[in-house]
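Subject: Structure for you to look at

Hello,

Here is the structure I said I would pass on. Please open it beside this email and find each residue as you read.

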Amino acid sequence: MSPVAREPLSSRVGRAEFRWAMLFIAPWIIGFGVFLAYPVVVSLFYSFCEYSVLAKPVWIGAGNFRDLADDDVFWISLWNTFRFAAFALPLGMIFSLGLAAMLHICAIGRATFRAIFFLPSLVPVVANAIVWMWMFNGEYGLLNAGLKVFGQQGANWLGDPFWSMPALIFMGFWGVGGSIIIFLAAFQEVPVEMYEAAELDGASSWQKFWGVTVPLISPVIFFQLITGIIGVLQVFAAPYIMTGGGPMRRTLFYSMYLYDNAFRYLRMGYACAMAWILFLLILALTLVATKISARYVHYQGS
């Protein structure tokens with residue numbers, strides 16, 4: 001009897017199913033390797049090289065990282081990014097959480113207002129930036145025109161070193177529609193029985209919000225926090241279009257300086273070193289947030 005005949009039918013069928021499964025997922029595996037895994041590994045190698053894209057990379061060890069430590073513009077961009085994140089992330093979460101709470105309470109026109117708040121997040125970033133450049137225009141902008149109605153003098157929002165950063169933070173509120181929808185869905189998952197029990201204990205609306213709603217939606221808040229950390233530390237498109245890093249480098253963010261080094265100055269090795277530092281910063285902040293969340297995030301059933 002041949003070896004094939006002695007082999008159980010289930011084993012042959014299992015191997016055939018495995019081959020077909022691998023055939024179907026092969027495009028994803030190839031795409032993952034070519035477009036994600038390979039660039040990540042290569043960027044780590046280039047971060048230890050002097051590489052201008054136009055010439056072969058030359059190994060210089062930790063030279064790029066030493067140069068970054070002495071680069072004043074690097075520290076300016078890092079400080080601007082953390083300053084932006086320190087205000088934009090918590091204010092954006094509070095703003096979206098508050099709007100979601102109001103939509104949850106007010107049932108009249110909820111679907112309409114939900115669509116109104118969500119639509120701005122669908123606008124392409126470039127179009128959104130151009131609209132806000134017009135809004136913030138110091139001479140003809142709509143914002144200054146509205147202030148004149150109330151007898152107030154507007155500022156040169158994007159050209160003033162003091163107001164440029166607050167203007168970008170304020171513009172970020174325009175795109176919180178996605179967060180509002182996520183928070184609103186979380187509100188609707190809170191069991192009504194929990195509110196009824198709190199009312200029997202004499203809890204006010206504010207006490208119900210902090211004692212019932214917030215703990216039960218804390219996993220969603222944590223999710224928004226993590227995605228927010230990743231997003232604000234990589235802010236790029238809107239400020240790059242609107243200010244180009246000015247005035248006086250007050251809006252030069254980390255990713256903008258990284259992009260300039262890679263594609264304007266052709267210092268790809270230097271840019272790769274910056275990219276890995278950014279990755280480590282995001283990883284560290286994510287781990288810190290995860291560690292703190294163990295005390296404040298409550299999962300149902302746990």
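A good place to start is asparagine 261. Apart from neighbours within four places in sequence, asparagine 261 is in contact with Leu266, Arg267, Met268, Tyr270, Ala271 and Met274. Please keep in mind throughout that this is a predicted model.

Helix α14

Asparagine 261 sits in helix α14, which covers residues 254-264. Is asparagine 261 buried or exposed? Asparagine 261 counts as buried because its relative accessibility is 0%. The helix around it follows a similar line: α14 is largely enclosed by the rest of the structure, because eight of its 11 residues are buried. The buried residues of α14 are Tyr254, Ser255, Met256, Tyr257, Leu258, Asp260, Asn261 and Ala262. What do they pack against? Their partners are α4 (72-105), α13 (237-242) and α15 (268-296). After α14 comes leucine 266, with a positive phi near 55 degrees.

One residue of α4 to look at here is serine 77. Serine 77 is buried, with a relative accessible area of 0%. Not counting neighbours within four places in sequence, serine 77 is in contact with Leu252, Phe253, Tyr254 and Tyr257. Serine 77 and threonine 251 are 174 residues apart in sequence, yet their C-alpha atoms are 7.9 Å apart in space. For another pair 174 residues apart along the chain, take valine 288 and arginine 114, whose C-alpha atoms are separated by 33 Å. Valine 288 belongs to helix α15 and is partly exposed, with a relative accessible area of 47%.

Salt bridges

How many salt bridges does a search of the whole structure find? The search finds two.

One of them is in α14, between aspartate 260 and arginine 264, where the closest N and O atoms are 3.7 Å apart. These two residues are about one helical turn apart, because four residues separate them along α14. Aspartate 260 is buried, with a relative accessible area of 6%, whereas arginine 264 is exposed, with 55%.

In the other, the side chains of glutamate 199 and lysine 208 meet, with 2.9 Å from N to O. Glutamate 199 counts as partly exposed at 46% relative accessibility, and lysine 208 counts as buried at 14%.

Surface patches

Which residues form the nonpolar patch on the surface? They are Phe18, Trp20, Met22, Leu23, Phe24, Ile25, Trp28, Ile29, Phe32, Leu36 and Val40, and together they have about 1200 Å² of accessible area. Tryptophan 20 lies in helix α2, residues 9-46. Tryptophan 20 counts as exposed because its relative accessibility is 54%, and exposed means over 50%.

There is also a patch of negative charge on the surface, where Glu50, Asp67, Asp70 and Asp72 gather. Aspartate 67 is in helix α3, residues 63-69. At 41% relative accessibility, aspartate 67 counts as partly exposed.

Another buried asparagine

Asparagine 128 is in helix α6, residues 125-135. With a relative accessible area of 14%, asparagine 128 is buried. Leaving out residues up to four places away in sequence, asparagine 128 touches Val123 and Trp174.

Backbone details

The loop between α13 and α14 has two points to check. Proline 247 lies in this loop, and a cis peptide bond joins glycine 246 to proline 247, with omega at about -5 degrees. Arginine 249 lies in the loop between α13 and α14 as well. Although arginine 249 is not a glycine, its phi is positive, at about 60 degrees. Arginine 249 counts as partly exposed at 44% relative accessibility.

Valine 53 also has a positive phi in a residue other than glycine, near 75 degrees. Where is valine 53 found? Valine 53 is in the loop between β1 (49-50) and β2 (58-59). With a relative accessible area of 39%, valine 53 is partly exposed.

Regards

Notes
Residues are numbered from 1 along each chain as its sequence is written. This is a predicted model: local features need pLDDT of at least 70, side-chain atom pairs count only at pLDDT 80 or more; totals for chains, interfaces and linings use all residues. Side-chain values use heavy atoms; hydrogens and water are left out. Buried means under 20% relative accessible area, exposed over 50%, partly exposed in between (1.4 Å probe, protein chains only). Contact means heavy atoms within 4.5 Å. Patches are made of residues with over 30% relative accessible area and no salt bridge: like charges are joined within 9 Å, nonpolar side chains (Val, Leu, Ile, Met, Phe, Trp, Tyr) within 5 Å. Accessible areas come from the Shrake-Rupley method with a 1.4 Å probe; for residues, only the protein chains shown count as cover. A salt bridge is a side-chain nitrogen of Lys or Arg within 4 Å of a carboxyl oxygen of Asp or Glu. Lys and Arg count as positive and Asp and Glu as negative; His and the chain ends are not counted. The place of a charge is taken as NZ of Lys, CZ of Arg, CG of Asp or CD of Glu.
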